[in-house]
Amino acid sequence: MAMSDLPDDLNPATLLVHGGTRRSQFEETSEAIYLTSGFVYGSAEAAEAAFVNDGSRFVYSRFRNPTVAMFEDRLAQYEGYPRCFATASGMAAVHAAVFGLLKAGDRLVASRALFGSCLYIVSDLAKRFGIESVIIDGTKNEEWEKALSVPTNLVFLETPSNPCLEVVDLEHVVPLAHKAGAKVVVDNVFATPVLQKPKKYGVDVVVYSATKHIDGQGRCLGGAILCDDEVAATLAPFLRHTGPALSPFNAWTLLKGLETLELRVKAQSAAALKVATFLESHPAVERVLYAGLESHPQHALLKRQMKAGSNLICLHIKPVNGDAKQAAFTVLNKLRIAKISNNLGDSKTLATHPATTTHQRLSVEEKAILGIGPGTIRVSVGLEDADDIIADFKRGLDSLIG
């Protein structure tokens, strides 16, 4: 296989189409899918040489695969990190990034506003394996300063957070973490690699659920870990031996998703701003949190860290007869274009009720601390016409006020 011969000064959008391409002897235009578990060798000597494991030879698809390698190389080039490891899901990426870099007796500091499964990993699971876990309010710099005033091994955070779009000041937190001796892992799913570049702030590791915006069409699962060579040397054995491998077919699907990633995210962000502006004006809505609205309590920080507001909106529905949950369910049940789904980043507009889906395992008190109430709805704006999305939500919201 031959790597494509590209100029060194290509713009990011071009890298999303051409980066990492490897062509076989057939010179195909679309990347090839290498649906194979293993590879053959011309001699026993060639097999012996292949297992030197210097990366020059594919030996087993749990370790490396040509199609998966194309996805890894393309995303790494776009993100600006030297290395990328693809995984079978976003949570596989989070698990590997955390446990591949920690051991019993280490100390972990994490922001509290995390996706439910991420919170489980950095709190419950970490403690089970003898890792000290400190959970703080990531929006308060003074809490980071206190938590990172003692030696620490790892910091984990997501910004903006799921689902209430809390933001962590990376410019402030990353130097504190490094001074404490910690590597910083950032879940960049909500911002996407298009709108936020954690590497700019010195972040050591970025993780993605590629299932979301990178695929962007609800087709497959996948995850990614991006890092420098030093971190990669630590993570590589963990990934090789624990086996969270991405399938070649899913890697091919994600490659095709990367080609349109910028177009989709920019269009969705523009539509989301229009939808969020409408939602904020509706009398049945108590509050709207959207990165692109000036009403967001951290708007200035969001504007500094992100290029646009992304496609995620968090809205809180006013209670009707004292019942916010039923009011939210009424809105969801009247949707005809947007679909009720706990996924996000799709070309279709999706809406979910976090308190009973993505964050249902948390107690009422824990949900309240995160800003998740019975009337909270998370909306992932798709590629439909924004006016149609607005009309879809207006139908349900209008029904709440008669």
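**Exercise 1. How many of the residues of strand β8 (residues 205-209) are buried?**

Solution. Begin with the ground rules. This is a predicted model, in which local features need pLDDT of at least 70, side-chain atom pairs count only at pLDDT 80 or more, and totals for chains, interfaces and linings use all residues. Residues are numbered from 1 along each chain as its sequence is written, and side-chain values use heavy atoms, with hydrogens and water left out.

Step 1. Fix the terms. Strands (E, at least two residues) and helices (H or I, at least four) are DSSP runs, numbered from the N terminus. Buried means under 20% relative accessible area, exposed over 50%, and partly exposed in between (1.4 Å probe, protein chains only).

Step 2. Count. In β8, 5 of 5 residues are buried, leaving the strand mostly covered.

Step 3. Sort by direction. Val-205, Val-207 and Ser-209 point one way. Val-206 and Tyr-208 point the other way.

**Exercise 2. Find the strands that pair with β8, and the partners of Val-207.**

Step 1. Two strands pair if DSSP finds at least two bridges between them.

Step 2. Take strand β7 (residues 183-187). It pairs with β8 in the parallel sense over 3 bridges. Here Asp-187 has Val-207 as its bridge partner.

Step 3. Take strand β9 (residues 223-227). It runs antiparallel to β8, joined by 5 bridges. Here Val-207 stands opposite Ile-225.

**Exercise 3. Describe the unit built from β4, α5 and β5.**

Step 1. Strand β4 (residues 107-111) and strand β5 (residues 132-136) run parallel, joined by 5 bridges. Leu-108 stands opposite Ser-133 in this pair.

Step 2. Add helix α5 (residues 116-128). The three elements make a right-handed β-α-β unit. Right-handed means that, with the strands pointing away from the viewer, the path from the first strand over the helix to the second runs clockwise.

**Exercise 4. Count the disulfides, then check Cys-118 and Cys-220.**

Step 1. A disulfide is a covalent bond between the sulfur atoms of two cysteines. The test applied is a pair of cysteine sulfur atoms within 2.5 Å.

Step 2. The count comes to 0 disulfides.

Step 3. For Cys-118, the nearest cysteine sulfur is that of Cys-164, 15 Å away. For Cys-220, the nearest is that of Cys-84, 14 Å away.

Step 4. Check burial. Cys-118 is buried because its relative accessible area is 1%. Cys-220 is buried too, because its value is 9%.
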